[in-house]
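Dear colleague,

I am passing on the structure below, together with some notes on its helix packing. Please read them alongside the coordinates and tell me where you would look further.

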Amino acid sequence: MSKPIAEAKFYAMTAEAAVKTLQSDAGRGLSGSEAKKRLGVYGENRLQKGKKTSFAKKFMLQFGDFMVLILLIASAVSFAVSCMQGEANLADPLLILGIVIANAFVGTVQEAKAERALEALRTLSAPHADVLRDGKRAVISAEALVPGDVVYIRAGDVVPADLRLLESVHLQAEESALTGESVPSGKSANAVCDETCGAAERKNMLFSGTGISAGQGVGIVTATGMQTEMGRIAAMLGDEETPDTPLKLRLRRTGKLIGLLVLGICAVIFLIGLIQKAEPLEMFMISISLAVAAIPEGLPAVVTIVLALGVRRMAAKRAIIRHLPAVETLGSCEVICSDKTGTLTQNKMTVVRCAGAAGELNGQDRDALLSAAALCTSVEGSGEKLLGDPTETAIVAAVSGWESLQKQRVKAAEVPFTAERRRMTVVLRTESGYRVITKGAPEAILPRCTYVLLNGKNVTLTPEMRAALSAKNRDTANDALRVLAAAEKRTEACPETDDAAESGLCFLGLIGLEDPPRPEAAEAVSECKRAGIRPVMITGDQPATASAIAGRLGIENKTVMTGTELESLSDDALLQTVQTCSVYARVSPAHKMRIIKAFRRLKLVTAMTGDGVNDAPALKAADIGCAMGKNGTEVAKNAADMVLTDDNFATIVSAVREGRTVYGNIRKTIHFLMSCNIGEILVVLVSFLLRTPTPLLPAQLLWVNLVTDSLPALALGSDPPQGDVMRRPPTARDSSAFSNGLGFAMAAEGMMIGALALLAFTVGRVFFDADPMQPAVGRTMAFAVLSLSQLVHSYNMRSTGPVLGRGMFKNRGLNVSFLICSALMAGVVVFPQAAALFGSVPLTVTQWGIVAILALLPLPICEMQKRILSRTAKVKNMTSGVKKRVIFNK
């Protein structure tokens with residue numbers, strides 16, 4: 001087989017001609033050896049990725065940050081000023097430049113690591129294909145598909161390659177991504193299209209990357225990778241830049257605002273100095289010092305690393321983040337709307353009860369019911385290797401002699417199950433004619449029945465029998481069982497329409513199946529409630545079953561709303577309903593969308609779980625879409641922000657806990673960095689206003705910002721979750737990083753740090769410097785106190801409450817960064833070469849003692865402040881109560 005086969009117009013051929021052209025076998029597929037040979041010719045079935053940004057380009061982009069540009073300008077001005085003074089001092093500008101370059105290098109390396117981590121995570125949710133190889137069906141990676149492979153497709157799948165249909169049953173494809181048509185396109189294997197028709201008119205073709213919205217079929221691969229219709233479009237696209245996350249954009253705006261404020265303050269200080277007839281060159285140096293002090297250079301890199309760490313931790317807990325903004329949003333989640341089957345329950349259905357008009361079924365009638373229901377399934381395989389829907393495999397597992405029964409499953413026609421019909425019908429060929437079997441929801445089957453099976457005979461279905469069957473259906477559902485019904489009839493001729501097939505049926509009985517709740521689900525629901533998150537069940541199951549499972553899990557089930565009832569509500573009435581109702585049953589995709597939109601209209605951050613095609617619209621509409629990784633369709637996964645590899649509700653709760661931790665850690669880093677920078681600004685500003693010599697040199701300030709600030713900030717970013725992280729109310733959607741008094745706390749703590757550094761400077765200058773106008777010792781003491789007090793202050797950031805005696809030293813990274821930064825700080829004072837570079841001098845034991853006492857003061861001061869505020873808050877709560885958002889049932 002040669003590559004020019006890709007030019008063949010398979011849509012203009014019959015199915016038989018397409019198979020012959022592709023040199024394949026519709027009944028056996030390709031052999032393993034032939035598939036391997038073709039893989040070598042055509043390559044893997046994947047689109048070529050756009051050109052990756054080189055390491056050098058990523059490195060240069062690090063210098064585009066507004067705050068970094070100001071530092072580079074400050075470096076150039078510093079050098080120019082020194083030249084104008086006739087000194088040509090290269091030490092300060094080179095140090096500034098060196099540290100900025102080092103920071104850019106670290107940011108580039110971290111960005112590359114994050115990309116590799118995300119790429120590895122994507123492979124965990126790579127699409128697969130159900131293929132026929134060597135006469136046997138197997139599930140393989142979609143990348144291993146080659147032209148000539150025979151592929152099975154069903155509702156919910158994403159088409160893995162371009163296919164020419166060989167068989168189709170009520171098949172519809174969602175091709176809007178390719179054709180722009182919003183309505184699903186009907187497909188038929190029997191169609192033969194004109195050679196000149198466009199992709200949208202090719203009714204016998206399925207295209208890579210599109211979704212199957214209904215039906216099922218079999219197709220043969222005609223093109224893979226870049227030879228597909230999607231691949232040809234991809235080849236025409238230029239490289240697209242990955243959009244920044246909202247948090248990154250907010251940080252960029254914050255950085256620009258800080259930069260502009262710094263420039264404004266520098267300009268004002270410079271003008272004041274000129275008015276006071278200060279030396280212009282001296283004012284330049286003071287302005288540069290202020291700029292260096294005010295800019296939190298490490299903030300963007302620290303936040304990026306914190307997010308990357310959060311993504312990695314979530315992946316370890318079986319939650320794959322597909323869109324980085326979901327990490328930020330998870331911390332604000334207020335409502336989790338969850339499907340029941342497989343998420344809150346084990347998805348291990350078992351037949352536990354069979355009932356008919358006369359009560360429990362046994363013997364011949366039970367066998368007839370289960371055998372008929374098993375024939376009306378799409379289950380493949382035998383024994384322990386049954387493939388198909390869990391409910392259908394449970395029915396098949398309950399049947400004795402499934403291998404021999406399968407021989408009777410010769411389908412003449414099939415009407416697939418849909419959410420609207422709530423039933424499935426097959427027409428089987430028999431020796432005497434045709435056998436029609438219908439299986440589905442009892443309320444969708446019973447009205448179509450005229451007879452009922454009773455003791456092996458078909459008898460007329462009386463109104464009393466109908467009422468008894470309806471009551472039995474309710475009783476079975478009230479026992480938390482899923483209830484299906486089956487009916488059949490035999491005809492000489494094949495029914496021509498769906499209605500003809502599904503009328504005049506004989507009701508065989510009710511099948512009760514149990515899908516027990518997951519053992520960990522009840523605790524996860526309880527944890528949601530403690531965290532201020534409202535769990536909501538949205539299921540296609542019966543109201544009674546949904547209510548029973550909800551009650552066992554601890555979800556409020558006093559009110560259960562059905563899809564039919566929901567349709568009668570206006571949007572405004574639904575807004576009132578969702579505030580009190582937490583269980584929805586018998587819902588369609590449109591109903592799910594309305595429920596999600598109602599919660600969002602209430603401005604509640606809402607998560608939605610789902611696994612099927614019918615869940616995809618709601619997953620996309622929710623603030624956080626959570627798709628199931630094991631049993632979820634590719635359509636659902638592609639619409640979601642997060643994929644749960646274990647399909648477990650408890651994993652969502654773990655992800656919310658991690659999202660809250662990530663958000664809390666980002667606030668800690670911002671709190672720490674900004675309070676430290678405010679302290680540095682005050683040191684420079686107060687000394688200028690008091691007309692004292694500069695307490696800190698630009699190189700010293702930059703050292704503090706990029707070394708003794710950034711390392712503890714990184715360690716705070718990896719802080720483990722606090723014990724009460726899931727006992728706090730969710731973070732409001734529109735709250736800023738400075739809310740809940742954080743801005744005031746930063747200002748107060750910044751003044752404390754600045755005051756301690758100024759006190760050290762004054763003590764050193766007055767008591768230890770020979771010439772107060774050349775305060776080498778005072779400057780060194782201020783430098784040391786500023787650095788070490790910030791390191792001590794980093795421990796205050798670990799909790800909004802008192803930290804002493806509450807696991808203060810549990811963050812190993814923070815302990816290590818404290819020791820490293822303390823050693824580095826001592827090194828730039830003790831070692832002559834480093835001291836000369838940073839303008840510091842050796843300190844005596846007495847001077848180091850004063851430095852140590854002043855540097856340790858932030859801990860007791862903040863502890864005292866936290867304890868006073870804690871007592872005040874308790875008193876306030878006892879007397880006036882705390883106003884909370886109402887998101888729970890009353």
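H27 passes H28 in a right-handed crossing, and I should say at once that this is a predicted model. Helix H27, which spans residues 742–768, packs against helix H28, residues 776–796, at an angle of about 150°, and their axes lie 7 Å apart. Since angles over 145 degrees count as roughly antiparallel, H27 and H28 are therefore roughly antiparallel to each other.

On the H27 side, the residues that meet H28 include Met752, Ile753, Leu756, Phe761 and Phe768, while those contributed by H28 include Val777, Met781, Val785, Leu786 and His793. Taken together, the residues of this contact between H27 and H28 divide into 13 nonpolar, 5 polar and 3 charged.

The second region is helix H2, residues 32–42, in which Glu34, Ala35, Arg38 and Tyr42 are buried. These residues cover an arc of only 100° around the axis, and so they are on the same side of H2. This fits the general pattern that an α-helix has 3.6 residues a turn, so residues three or four places apart point the same way.

The buried residues of H2 pack against strand E1 (128–133), whereas the face of H2 turned away from its buried side carries the exposed residues Ser33, Lys36, Lys37 and Gly40. After H2 comes glycine 43, whose phi is positive, near 80°.

With best wishes

Key. Residues are numbered from 1 along each chain as its sequence is written. This is a predicted model: local features need pLDDT of at least 70, side-chain atom pairs count only at pLDDT 80 or more; totals for chains, interfaces and linings use all residues. Side-chain values use heavy atoms; hydrogens and water are left out. Axes are lines fitted to C-alpha atoms, for helices over the stretch in contact, and angles run from 0 to 180 degrees between N-to-C directions. Helices (H or I, at least four residues) and strands (E, at least two) are DSSP runs, numbered from the N terminus. Angles under 35 degrees count as roughly parallel, over 145 as roughly antiparallel, 65 to 115 as roughly perpendicular and the rest as oblique. A crossing is left-handed if the near helix is turned anticlockwise from the far one by less than a right angle, and right-handed if clockwise. Contact means heavy atoms within 4.5 Å. Ala, Val, Leu, Ile, Met, Phe, Trp, Tyr, Cys and Pro count as nonpolar, Asp, Glu, Lys and Arg as charged, and the others, Gly among them, as polar. Buried means under 20% relative accessible area, exposed over 50%, partly exposed in between (1.4 Å probe, protein chains only). The arc is that of the directions from the helix axis to the C-beta atoms.
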